[in-house]
Amino acid sequence: MSGTSSVLNPPADAVAPVRHPDAPAPGELLGTHYEHCFGCGGGQEHGLHLAARAGEGVSVTAEFTVRAAHQGAPGLAHGGILATALDETLGSLHWVLRTIAVTGRLETDFLLPVPVDTVLYLEAEVTAVHGRKIYCTATGRLGGPDGDVAVRADALFIEVKVDHFIDNGRPEEIRAAMEDPDQVRRARAFEVNP
Ligand SMILES: CCCCCCCCCC(=O)SCCNC(=O)CCNC(=O)[C@H](O)C(C)(C)COP(=O)(O)OP(=O)(O)OC[C@H]1O[C@@H](n2cnc3c(N)ncnc32)[C@H](O)[C@@H]1OP(=O)(O)O
């Protein structure tokens, strides 16, 4: 069974997404947006260590290897972990749009079980933009980039300012991030929209 709620359907006056002129070239590794991100950071021992690359248009690809720490049922990936992999891949789209945005809504279909040691081949694209609302979709496939779809998601991301993180994050992590020149450089990469 599949289907999405109406808030994930772009309105008639939504516009096509535009690849930012300074977006990383297709195939370029995007790296982490934050060292301690559970999805992509190297500083999380049991994190997903998801590696995303810019795709054509406003899209990204990513790979995630399911490890034993990611189990739900014996030998199988936890569904929440798979949703996280989809969410993180969708979050990586903002390197290509050059917009800071957070997940407002994420609707996931789990179509096939995903065993430990499997590589999940992920792809995400922005389908439409309406004001601050960014409509996007993602798939995770088994066996290769053209393999069977194991998980998929439709999502709505909402554009925010850097202040969203500064105002809401725990002060010690915010302080540490602001003292880290690499983190400041990553944040500045998005500061293109006044
Ligand atoms: C440096 C880059 C960092 C990237 C990190 C990526 C990590 C991976 C992605 C994530 O997991 S992000 C973490 C999970 N998400 C959050 O923590 C977000 C928590 N929610 C919020 O902070 C606020 O609800 C949010 C910023 C999303 C929206 O609050 P706002 O006050 O800014 O907006 P508002 O409520 O006015 O909504 C703006 C529009 O979006 C719509 N909207 C907001 N939330 C929605 C929702 N959940 N479902 C449907 N529509 C939604 C809302 O109806 C409205 O539509 P209209 O413009 O048509 O009136």
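This passage describes the fold, sheet, core and a few individual residues of a predicted model.

The overall architecture is a good place to begin. Five helices and six strands make up the secondary structure of the chain, and they follow one another along the sequence as β-β-α-α-β-β-β-β-α-α-α. The radius of gyration is 16 Å, close to the 16 Å that the globule rule gives for 194 residues, so the chain is as compact as a globular protein of that length. The C-alpha trace extends over about 45 × 45 × 30 Å along its principal axes. Of the 194 residues, 31% are buried. When contacts between residues at least 6 apart in sequence are considered, 67% of them link residues at least 24 apart.

The sheet comes next. Strands of a sheet pair through backbone hydrogen bonds, in either a parallel or an antiparallel sense. Here, the six strands form an open sheet in the order 1-2-4-5-6-3, and the pairing is antiparallel. Strand 1 (51-54) and strand 3 (101-110) lie at the edges, each pairing on one side only. From one strand to the next, the twist averages 20 degrees. Within this sheet, strand 2 (residues 59-65) is joined to strand 4 (residues 119-130) by seven bridges in the antiparallel sense. One bridge places Ala-62 opposite Leu-122 of strand 4.

Leu-122 also leads into the interior of the model. In soluble globular proteins, nonpolar side chains tend to be buried together. The largest nonpolar core of this chain holds 40 residues, and those touching the most other members are Ala-85, Leu-90, Leu-93, Leu-122 and Cys-136. Two or more residues of this core come from each of strand 1, strand 2, helix 1 (79-92), helix 2 (94-97), strand 4, strand 5 (133-142) and strand 6 (148-159). Beyond its neighbours within four places in sequence, Leu-122 is in contact with Thr-61, Ala-62, Glu-63, Phe-64, Ala-85, Leu-86, Thr-89, Ala-138 and Gly-140. Ala-62 thus appears both as a bridge partner of Leu-122 and among its contacts.

Trp-95 offers another view of the packing. This residue sits in helix 2 and counts as buried, because 22 other C-beta atoms lie within 10 Å, where 20 or more are required. Leaving out residues up to four places away in sequence, Trp-95 touches Ala-23, Pro-24, Leu-30 and Ala-54. Its C-alpha atom is separated by 28 Å from that of Asp-117, which is 22 residues away along the chain.

Asp-117 itself belongs to the loop between strand 3 and strand 4. With 9 other C-beta atoms within 10 Å, Asp-117 is exposed, because the cut-off for that class is 12 or fewer. Its backbone deserves a look too. Most residues other than glycine have a negative phi. Asp-117, although not a glycine, has a positive phi of about 80 degrees. His-49 likewise has a positive phi, near 50 degrees, and is a residue other than glycine. His-49 lies in the segment before strand 1 and is partly exposed, with 18 other C-beta atoms within 10 Å.

Finally, the database record can be set beside the model. An unreviewed UniProt entry carries the annotation "domain: Thioesterase" for residues 75-140. Over that range the chain is 27% helix and 45% strand, and the C-alpha atoms at the two ends are 18 Å apart.

Terms used: Residues are numbered from 1 along each chain as its sequence is written. This is a predicted model: local features need pLDDT of at least 70, side-chain atom pairs count only at pLDDT 80 or more; totals for chains, interfaces and linings use all residues. Helices (H or I, at least four residues) and strands (E, at least two) are DSSP runs, numbered from the N terminus. The radius of gyration is taken over C-alpha atoms; the globule rule is 2.2 Å times the number of residues to the power 0.38. Two residues are in contact if their C-beta atoms, placed from the backbone, lie within 7 Å. Two strands pair if DSSP finds at least two bridges between them. Axes are lines fitted to C-alpha atoms, for helices over the stretch in contact, and angles run from 0 to 180 degrees between N-to-C directions. A nonpolar core is a set of buried Ala, Val, Leu, Ile, Met, Phe, Trp, Tyr and Cys residues joined through C-beta atoms within 7 Å. UniProt positions are given in the numbering used here, feature names are shortened, and annotations may be inferred rather than shown by experiment.
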